[in-house]
Amino acid sequence: MCNSDTLETPDYILLHCQFAKSVWSLTPYVDLIAQDSNSSISLHDWVVKWITVNSLKDKATVVFTISWSIWKDRCSCVFQGKTLNHHVTARLAMKLVTESETYLNDAISQEFAHVPSTEEKNLSTITNSLPPDCVLVFSDAAFDKSTNLSGIGLIMLNIADSFIGCKLKAGSVRNA
């Protein structure tokens, strides 16, 4: 992505490559991210930091949304040959952040007016409003460009977070 010989690990792609730094520089979070991009923090430690440090928790959703936008555009570049443009990525990321915050604020004010603001909003808090027969499905996929191997994983949980089942599928494909 950066046209360098650097191994493009997830931490590198989201924090250290020039494209990511350019995207972050166009957001209000550039100062908070700069300290991480100038360190050797692992992606795991970075995520843990954003969800556990009290002064950062309220910004974690926005930071993860911007990260997702960087990752999504990186995948479009690698797998579909699309040209990267840090201005477009930053603009779309911030648009997604604004739309998500507006939607969530409206939904919370309408449906969760009775929930105290001090209550931590976690998966259980959100799933409490879902029907009891609801099933949660988590998914992820991967593609290795050098070997053309791909895989997808689905995990199903019931509303009580009990494991229902999973499906993993791996194989060789022509392209992403």
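Of the contacts in the chain with a separation of 6 or more, 40% are between residues 24 or more positions apart, where a contact means heavy atoms within 4.5 Å. The chain belongs to a predicted model, in which local features need pLDDT of at least 70 and side-chain atom pairs count only at pLDDT 80 or more, while totals for chains, interfaces and linings use all residues. Residues are numbered from 1 along each chain as its sequence is written, and side-chain values use heavy atoms, with hydrogens and water left out.

The secondary structure consists of eight helices and three strands, arranged along the sequence as α-α-α-α-α-α-α-α-β-β-β; helices (H or I, at least four residues) and strands (E, at least two) are DSSP runs, numbered from the N terminus. The chain has 176 residues, of which 26% are buried, and here buried means under 20% relative accessible area, exposed over 50%, and partly exposed in between (1.4 Å probe, protein chains only). The accessible surface comes to about 11600 Å², with 56% of it belonging to carbon and sulfur atoms; such areas come from the Shrake-Rupley method with a 1.4 Å probe, and for residues only the protein chains shown count as cover.

The largest nonpolar core has 22 residues, and those with the most contacts inside it are W24, I33, W46, W50, V63, I66 and I70. At least two residues of this core come from each of helix 1, helix 2, helix 4, helix 6 and helix 7 (86–111), and helix 6 gives the most, with five residues. A nonpolar core is a set of buried Ala, Val, Leu, Ile, Met, Phe, Trp, Tyr and Cys residues joined through side-chain atoms within 4.5 Å.

Helix 3 (residues 30–37) has I33, D36 and S37 as buried residues. Seen down the helix axis, these buried residues fall within an arc of 95°, so they line one face of helix 3; the arc is that of the directions from the helix axis to the C-beta atoms. Their cover includes helix 1 (10–16), helix 2, helix 4 (43–52) and helix 6 (60–80). Leaving aside neighbours within four places in sequence, I33 is in contact with L15, W24, W46, W50 and V63.

K21 lies in helix 2 (residues 18–25), and beyond its neighbours within four places in sequence, K21 is in contact with L15, H16, S37 and N38. The C-alpha atoms of K21 and H86 are separated by 8.9 Å, although the two are 65 residues apart along the chain.

On the surface, V135, V137, I152, L154, M156 and I164 make a nonpolar patch of about 460 Å². Patches are made of residues with over 30% relative accessible area and no salt bridge (a side-chain nitrogen of Lys or Arg within 4 Å of a carboxyl oxygen of Asp or Glu), with like charges joined within 9 Å and nonpolar side chains (Val, Leu, Ile, Met, Phe, Trp, Tyr) within 5 Å. Strand 1 (135–144) and strand 2 (149–158) each supply at least two residues of the patch, and strand 2 gives the most, with three residues.

In the loop between strand 1 and strand 2 is N148, which has a positive phi of about 60° although it is not a glycine. Most residues other than glycine have a negative phi.

Three partly exposed residues are set out below.

| Residue | Place | Relative accessible area |
|---|---|---|
| K21 | helix 2 | 31% |
| N148 | loop between strand 1 and strand 2 | 24% |
| L154 | strand 2 | 34% |
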